[in-house]
Every structure is written in C-alpha cells, then in structure tokens.
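Before you take this model further, please read the notes below alongside the coordinates. They are arranged by region, so that each point can be checked on its own.

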Amino acid sequence: MKIEKNVLIMSLFPNKITKLFDETFNTFKSYEQENAEKFIESLSDKIEAIAVMGGTAVSSELIKKLPKLKIIANYGVGYDAVDVKQATLSNVKVTNTPDVLNDEVADTAIALSLCVYKNIALANQFLLEKKWLKSEYPLSKKFSGTKFGILGMGRIGKTIAKRIESFNCEICYHSRNQKDVKYKYFSKLEDLAEYVDTLCVITPGGEETKHLVNANVLQKLGKNGFLINIARGTVIDQKALIYALQNNIIRGAGLDVFENEPNVPDDLINLNNVILTPHIGSATVETRYDMGKLVYDNIVQMLTTNTTLSPVN
Ligand code: 8YV
C-alpha cells in the first residue's frame, strides 16, 4: 500500500517499522541529519505526520513551523516530551502507545526489584573477579513477603501489582484518586513510603509529578527501604536521592530512568547499593515492534480516515 503523504521520522525505530514507513509513505528522517533543525525547516510546508520516540522533544516552536501537520505519533506511553498543549491549539492529534508495553515494563520492574534486593549485579562481578575462590558472597535481603508500594496505579501499575502478588507481598499504592483495586490505598505519598519496604515509581512524568519523590519521602522510606524507578527521572529529586543513598537514608535503588538522560552522574554510578539500567523498560524486540506498529497504524489511520487508535488529546 502506498499513501502519498509526507512523514517526518525523528528517531530510530526498529528496522521492520522503518521499512513499513518507507514502503507506505514518503519518509524524511531527521535523526540521520547532522543539522536536524535545518532539515525540518526545509520541509516545513510538506510534513503531515511525525513519528517520534518518547524523550525526543517536540516543542511548540516545531509544531508551529509545520502548518500541514496532523499527527504526532509518540513511540512510548509517556508523552511528556511533546508539547500537547500547543498540538491541541494547532489542531494536531497526539497519540501514544499504551497497553502494548504493560507486560514488558512490569517485567523490568520485577527484574530491578529482585536485582537490588539480591545484589545480583555485585554478585555477578564477585564471581567474575574470582573472589568466590576466597570467600562466600555476603548475604542479601529477602524480597518475598515484603510490603510493596506502587506510586501510580494505572495500566502498568496494575500489571506490576499482579506479578507482585505471586511474591506474597502486601501491595499498597498511592495515586491522585483511589482506584477500583483490592490493594491498600494511601492518600499521602509520605504515608505510603513510611509503610512499605519498596517504593516503585510508575507515574507519568511532566511538571505535575516533578520531584514528587523528594528528600522527605526518602526519609520516610527509611534505611531499610528500596526505591525502584521505571517511570521518568523527573519524578524523583535525583540530588536528594543520591544524598539518601550515600548516607544510608534508604537502603538501595533500582533505576531505569534519570533526570537529564542519557547523562547519569558519577555520584550515582559510584554507589554500590544501586542497579542502574539505560531506560530499557520496554526495550525488547517484541515489545518495541508492537509499539512501533501502533505508531505506524495511528499515522496510517490519521492520514487516511482522520481518526486515531490511541489519542492523548
Ligand atoms: C520508551 C517509555 O523507552 O513508553 C514510555 O513512556 O519510556 C519507553 O517505553 C520511550 O518512550 C522511548 O521510546
């Protein structure tokens, strides 16, 4: 199927998805350009759709420069890097990729939780450095049966909770409003942090949730508490977190996301009570394909029928 429409691809997608785009549309890839801004400017009266990876900014200035733009299809469930307000004002639809990544991100949350409780990364290093020949690896901390708190009880939060049930953990959560779930609700994040052993962050990023997990919340989580973040780096006050980890205010952290990615401060890297991963929450071949396909389908649908599958505005 060939659709004579012009699509700007702003980030690298899985090969199969890029191929689909190339076969269907006239594609323009700004991520391959040395000067992406200039490149986009030269196409300003052509572009009708944008396909973009979550995290790549789509600013109000950019939206205003593209008068024919109809859709910004975000490759990711979080769309905090897209100026949705401007998009709405400019009559541009924004779509994201909900649901298709729930299992993947929930699996990553479990992996980080187990890794940080059981010191898997350091234990691996211990063996590789042949230290086992001289001594036993120090004992770690049991995860099963602990109290697990979730900040954000949306689609992914619920998927995480379902998995955590099998570890016989008591599951609690905080979100702006109480949800129709069987887990214990805390209307105040501080109270949740104080009650649980693990606080797992899976709430959307953006201004509304900026630094929700601050020094006070970390203090309440306490010296036996673990923090897991698979949402956005901005939800946590990273400076306060580094201080808390350096001073045993909390016990450890499993972090997949950071403020100002891909820069991760040495102060975090140098800690031995953390496990750090490069924003791989949804990053498997299977899930990234499903996400990319949804981006593609949203654009096809918008440019052919003026409707979308997963709109956010
Ligand atoms: C992606 C994510 O890694 O869905 C999200 O919000 O953060 C991740 O699934 C990100 O969008 C980059 O594509």
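The points below deal with the ligand site, then with a stretch of parallel strands, and then with one serine in a helix.

1. Please keep in mind throughout that this is a predicted model, and that the distances and areas quoted here are computed from it.

2. Which residues are found around the ligand? The shell consists of Met 53, Gly 54, Tyr 75, Gly 76, Val 77, Gly 78, Leu 101, Arg 232, His 279, Ser 282, Arg 288 and Met 291. By residue class, this shell around the ligand divides into five nonpolar, five polar and two charged residues.

3. Several members of that shell place polar atoms beside oxygen atoms of the ligand. For Tyr 75 the atom concerned belongs to the backbone, and this polar atom is 2.9 Å from a ligand oxygen. For His 279 a polar side-chain atom lies 2.7 Å from an oxygen atom of the ligand, and for Ser 282 a side-chain N or O atom is 2.7 Å from a ligand oxygen. As for the surface of the ligand, it exposes 330 Å² when taken alone, and the protein buries 93% of that.

4. Strand β10, which covers residues 226-229, has Phe 226 and Ile 228 pointing one way and Leu 227 and Asn 229 pointing the other way, and all of these residues are buried. In a regular strand the side chains alternate between the two faces of the sheet.

5. On one pairing of β10, strand β9 (residues 198-201) runs parallel to β10, with four bridges between them, and within this pairing Cys 200 has Ile 228 of β10 as its bridge partner. The connection is also worth following in the viewer, since β9, helix α9 (residues 215-221) and β10 together make a right-handed β-α-β unit.

6. β10 also pairs with strand β11 (residues 252-255), again in parallel and through four bridges, and here Asn 229 stands opposite Leu 255 of β11. From β10 the chain passes through helix α10 (residues 238-246) to reach β11, in a β-α-β crossover that is right-handed.

7. Is Ser 60, a residue of helix α3 (residues 60-65), buried or exposed? Ser 60 counts as buried because its relative accessible area is 13%, which falls under the 20% limit for that class. The side chain of Ser 60 also takes part in a polar contact of 3.3 Å with the side chain of Glu 61.

Note on methods:
Residues numbered from 1 in each chain as written. Predicted model: local features only at pLDDT ≥ 70, side-chain atom pairs only at ≥ 80, totals over all residues. Heavy atoms only, no water. Near = heavy atom within 4 Å. Polar contact = N/O pair within 3.5 Å; in protein donor to acceptor, adjacent residues only side chain to side chain. Areas by Shrake-Rupley, 256 points an atom, 1.4 Å probe, with all protein chains shown as cover. Nonpolar A, V, L, I, M, F, W, Y, C, P; charged D, E, K, R; others polar. Buried < 20%, exposed > 50% of the residue type's maximum accessible area, 1.4 Å probe, protein only. Helix = DSSP H or I, 4+ residues; strand = E, 2+ residues; numbered from the N terminus. Pairing = 2+ DSSP bridges. Right-handed = clockwise from strand over helix to strand, strands pointing away.
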